[in-house]
Amino acid sequence: MRRYLRVLFVCTLLVFCSLLYIFNQLVSSLERADHRERAPRTRAVDTGLSGRAQDDRSAPQDPVQLAVVACGSRLEETLVMLKSAVLFSHRHLCFHIFSEDHLHAGFRQELESWPQRFRSTFSYSVYPIVFPSENAREWKRLFKPCASQRLFLPLLLKQVDSVLYVDTDVLFLRPLEDVWSFLSRFNSSQVAAMSPEHEEPRIGWYNRFARHPYYGQTGVNSGVMLMNMTRIRHTLFKNDLAAVDLKWADLLMPLLHKYKLNITWGDQDLLNIIFHYNPESLLLMECLWNYRPDHCIYGSNCISAEHSGVYILHGNRGVYHDDKQPAFRAVYDAIKQFPLDGDPLRGLLLPLEEKLKSDHSYCGRSRLVFTKRLRQSVTELQEEQERSRPAEV
């Protein structure tokens, strides 16, 4: 009897051990599967890209559409912006350049002179400045010369589905298609994406001085504005002008008439009013996608840029052309002076890093934010140059 009991005990122990081993293997396999599933999402967060955006790099895609409005003395500044877009992007780009007639030849001459390796990566069209005839003079003089042209892009570029509008004083420090990928994050009601005007309400302009409605707590800055123009053209926008919702084309003129004596920043103020009444239509991007002097002039307050570096630099207040913010001017000058077919490490990044060391202003003390992501872009550009060399021999 004891012998049978011992055999039964040993068998029971073996069965228990087998079950324990099987359970352990099952848990391990589930953990590996979960890790594989989560890993791509983790990388997307680390790089600021969704998995779909990362796949965009290798899959054939339609061109990324970029729009800019240049008037007065903005020819050179606009060309430096376009140069930064071409330098670091991996997808074909299409530029929509709206400018005064006397600037058209300058754009064509300069863009056609760029090295073929870069010239083959973009197409462009140059358009005249066009406003509604009954109020053309008023629109043109709103805030800065021609700046309000951006409001009419959905009505002028009727065959274009989506576009990234940027001010002339913007510089791309990472591939342009990365901000373009925000289009895939739009929900069904969102028509545009912009960044906040301020991160710190205590130094905010809209929440302290605005005499009109504005978006959110501190308003939005329209210097970098991603638009799904098809949606903009068809959306009915809530407003304080009429008892019914209005289409974009019917909204702009009444909006100007009502608020023209109360607005300071022109078309940006009008956009703030529109999205104040339609907050569900706007996707908010982090400040590193529109990094301006306000993010460092009183001390660093753009946490995302401190962590990941600046993605898009916006040198408003004319800081590229004076000595008030040397860090911004240093980045602009580095890209402006860099020859497109030069060595991006020795000809762009290293001289810039050396220049930034001499800037002891508040923005200069945050100098790493200006080069952290740029260094990765330069590395990618070098690798691309290395791959293209055998084909050129």
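Which cysteine forms a disulfide with Cys-287? The partner is Cys-302, and the two sulfur atoms sit 2.0 Å apart. Keep in mind as you look around that this is a predicted model.

## Three disulfides

Altogether, the structure holds three disulfides. If this kind of link is new to you, a disulfide is a covalent bond between the sulfur atoms of two cysteines. Here are the pairs side by side.

| Pair | S to S distance | Torsion about the S-S bond |
|---|---|---|
| Cys-71 and Cys-146 | 2.0 Å | about -100° |
| Cys-287 and Cys-302 | 2.0 Å | 100° |
| Cys-296 and Cys-363 | 2.0 Å | 85° |

Let us take the pairs one at a time, beginning with Cys-71 and Cys-146. The torsion about their S-S bond is about -100°, so this disulfide is left-handed. The pair links distant parts of the chain, 75 residues apart. You will find Cys-71 in the loop between strand S1 (64-70) and helix H3 (75-88), while Cys-146 belongs to the loop between helix H6 (136-140) and helix H7 (153-156). Both of these cysteines, Cys-71 and Cys-146, are buried.

Back to the pair from the opening question. The link of Cys-287 and Cys-302 is right-handed, with 100° about the S-S bond. Cys-287 and Cys-302 each lie in the loop between strand S10 (282-284) and helix H13 (303-308), so their bond ties together parts that are 15 residues apart in sequence. Cys-287 is buried, and Cys-302 is buried too.

The loop between S10 and H13 also holds Cys-296, whose partner Cys-363 lies in helix H16 (residues 362-365), so this disulfide ties together parts that are 67 residues apart in sequence. With 85° about the S-S bond, the link of Cys-296 and Cys-363 is right-handed. Both Cys-296 and Cys-363 are buried.

How do the pairs follow one another along the chain? When the bonded cysteines are numbered in sequence order, the pairing reads 1-2, 3-5, 4-6.

## Two more residues to visit

Is Cys-94 buried or exposed? Its relative accessible area is 13%, and buried means under 20%, so Cys-94 is buried.

The last stop is Thr-371, found in helix H17 (residues 368-392). Thr-371 counts as buried because its relative accessibility is 6%. Which residues is Thr-371 in contact with, leaving aside its neighbours within four places in sequence? They are Leu-349, Leu-352, Glu-353 and Leu-356.

Notes
Residues are numbered from 1 along each chain as its sequence is written. This is a predicted model: local features need pLDDT of at least 70, side-chain atom pairs count only at pLDDT 80 or more; totals for chains, interfaces and linings use all residues. Side-chain values use heavy atoms; hydrogens and water are left out. A disulfide is a pair of cysteine sulfur atoms within 2.5 Å. Helices (H or I, at least four residues) and strands (E, at least two) are DSSP runs, numbered from the N terminus. Buried means under 20% relative accessible area, exposed over 50%, partly exposed in between (1.4 Å probe, protein chains only). Contact means heavy atoms within 4.5 Å.
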